[in-house]
Amino acid sequence: MTRRSIHGKASTGLPSPVEAWIDRYKHDGGLRRFVVYFAFALILVTFSIILHDDGFLSSSNLLNIGRQAAPIAVMAVGMAFALAAREIDLSVGSVVALSSLVAAEMVGNYGFLIGVLVALAASVLVGLVNGLITVKVRIPSFLVTLGMLGIISGIARNWNDLQSLPIRNDRFSGLFGAGGLGPVSSLLIWIIVVGGLGHFALHHLRWGRHVLSTGADRDAANAVGINTARVKISALVASATAAGFAGVLLAGRLSIGRHDLGEDYLLTVIAAVVIGGTNLFGGRASVIGAVTGALIMAMLNNGLILMGLEVADQRIARGVIIILAVALSMREAKES
Amino acid sequence: MRMTPALAASGISKSFRAVQALNDVSIELHHGRVTALLGDNGAGKSTLVKCLAGIYQPDAGSIFVQGTEHRINSSRHARELGIETVHQALSVIDPLDVAENLFLNREQTRGGRLGARIGLLDKRRMREECAATLSGLDIRIPSLRRSVGSLSGGQRQAVAIGRAVAWGQKIVLLDEPAAALGVEQTQRVLDLIANMRDQGVAVLLITHNMDRVLAVCDQAVVLYQGRKCAEVDVPDVTKDDLVSFITGARGTG
């Protein structure tokens, strides 16, 4: 019998990586995948020109942007997984505060390692509760985590009567904020480490592929036997753990634990992730994009301050940017 | 003497509350043969496939796989027994590439036992095996690294079918695999079904299209209001015969 191929024009065997890359570029999103990096470059150049006299490009200011971006970037990596699994975690800000308080409480008594581990364990626990309620009781995660936001921030406020807890541990502060390797701040190193881990997990671990599959088409993922309930729980645990680590970084930089750390980060984090090319409604995620988005948000924040905008105006500007980013994200989702 | 059927179901009944969807239906699928499952809307075709695929549990009757009786209690169990279903709604994941889809939840890992534990993907090996499997079925995809969402409907369907065959599945249930496809792509899916048959796969094909039945099927089972009303060898019948079975105008038994 004559055999016909499913697709007429085709190369035989495996194409070279370069050919494959070009093919993907042409047919698989193309330029759109790189929008966030162009935006980053554009904003960097624009601010460099108009804020030249305000010292935007000075090394101390750039370092400052990096430091500001670190907790946002770390949280954005975790949030990218939650969104990829078609869930959302609104409790991340409160987890930052909880983690900073736990770390402050433990580091003084048991040393920095135990302090960090217990702070992360507490965050994992919050993520686990978020995930279990979302999956088992079938309440949308935005409601579960909104409730959790209230509970955890309440606990954080009661913790030490709204007072901050000082952390006096040079190794802790050095590792998670104040110190660094030569001129490179440890915070920048943590951005690279967490971003690299997240990217690796998304693309090279079975778990990352399953998170993406679950968010893209839960029925299809179930049909091939993926335990999508467990995948969703694990994605919410990842998001809470990342927020907990962001809390450790803030506690390290400021040498305190306090109930309001991370309080107003939520919108910034979601904006960073969505600008970075992660779909707000699951099935598409980019960790490197999320980190770049966090750098953009920190750069905007810094630029708006240097321009002399009031705090209130900064909030307005940020809100506008978020709505624009989400609108773009939804338009893309409809197109594809 | 005939070989043991790849899949044999006998006396399958299934009701949903007051509605009897299947009533004492028996069917046999053989290696290297394509069986058409025909019937009007609501005749019970999809219910029967779901019973065979482990999605529904029949109220009565027994299912034999390669001659051994099994109670298939989940779609995972069905897959372990070598039964793969390609549903009408495609079960491919758009953002994953072709090789990742083919190996979804059966990923190859590298890095020994630790790698297997953390699920470290061996992407190169998966792509190579994927290329070998697809070319064995004469399925050509422009690039295995391209996301499935960027492929045409026919190519996506081919990936879904390729996945069923890639796993050495000897029994493949296809629920209207060409429903959303154009003429050219439909022809290619039919060729693919013929390729599977030549490789000894037992295929069950649900379709409304009589031309497809005559083109590719060896035997046909017709359901009418939840009962089997005809079981025929396709070369012995005409299109008109099949249509009259489906509408209930006549039956063989």
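**A walk through the strands of chain B, and two unusual loop residues**

Let's start with a pair of residues: B:Thr35 stands opposite B:Leu204, which belongs to β8(B). Keep in mind as you look around that this is a predicted model. The two residues come from strands that pair along their way: strand β3 of chain B, residues 34-39, and β8(B) are linked in the parallel sense over four bridges.

Strand β8(B) has a partner in β7(B) as well. Strand β7 of chain B covers residues 171-175, and five bridges join it to β8(B), the two running parallel. If you want a spot to click on here, try B:Leu174, which stands opposite B:Leu205 in β8(B).

So is β8(B) largely enclosed or left open by the rest of the structure? Count its residues: the strand runs from 202 to 206 in chain B, and four of these five are buried, so the rest of the structure largely encloses it. Buried here means that 20 or more other C-beta atoms lie within 10 Å of the residue's own.

Now swing over to another part of chain B. Here you'll find an open sheet of four strands in the order β2-β1-β4-β5, paired in the antiparallel sense. At its edges sit β2 (19-29) and β5 (68-70) of chain B, each pairing on one side only. From one strand to the next, the twist averages 30°. Looking at the β5(B) edge, strand β4 of chain B (residues 60-65) is joined to β5(B) by three bridges, and the two run antiparallel. Within that pairing, B:Phe64 stands opposite B:Glu69 in β5(B). A helix packs on this sheet too: α1 of chain B, residues 45-52, touches β1 (7-16), β2 and β4 of chain B. The direction of α1(B) makes about 120° with that of β1(B).

Finally, two loop residues deserve a look for their backbone angles. In chain A, the loop between α3 (59-84) and α4 (92-110) holds A:Arg86. Its phi is near 65°, a positive value in a residue other than glycine. In chain B, the loop between α3 (98-102) and α4 (112-118) holds B:Asn105, and there phi is positive as well, about 65°, although B:Asn105 is not a glycine.

How do their surroundings look, buried or exposed? A:Arg86 has 22 other C-beta atoms within 10 Å, so it counts as buried. B:Asn105 has 16 other C-beta atoms within 10 Å, so it is partly exposed.

Key
Residues are numbered from 1 along each chain as its sequence is written. Chains are lettered from A and ligands numbered from 1 in the order in which they are written. This is a predicted model: local features need pLDDT of at least 70, side-chain atom pairs count only at pLDDT 80 or more; totals for chains, interfaces and linings use all residues. A residue is buried if 20 or more other C-beta atoms lie within 10 Å of its own, exposed if 12 or fewer, and partly exposed in between; C-beta atoms are placed from the backbone. Two strands pair if DSSP finds at least two bridges between them. Axes are lines fitted to C-alpha atoms, for helices over the stretch in contact, and angles run from 0 to 180 degrees between N-to-C directions. Two residues are in contact if their C-beta atoms, placed from the backbone, lie within 7 Å.
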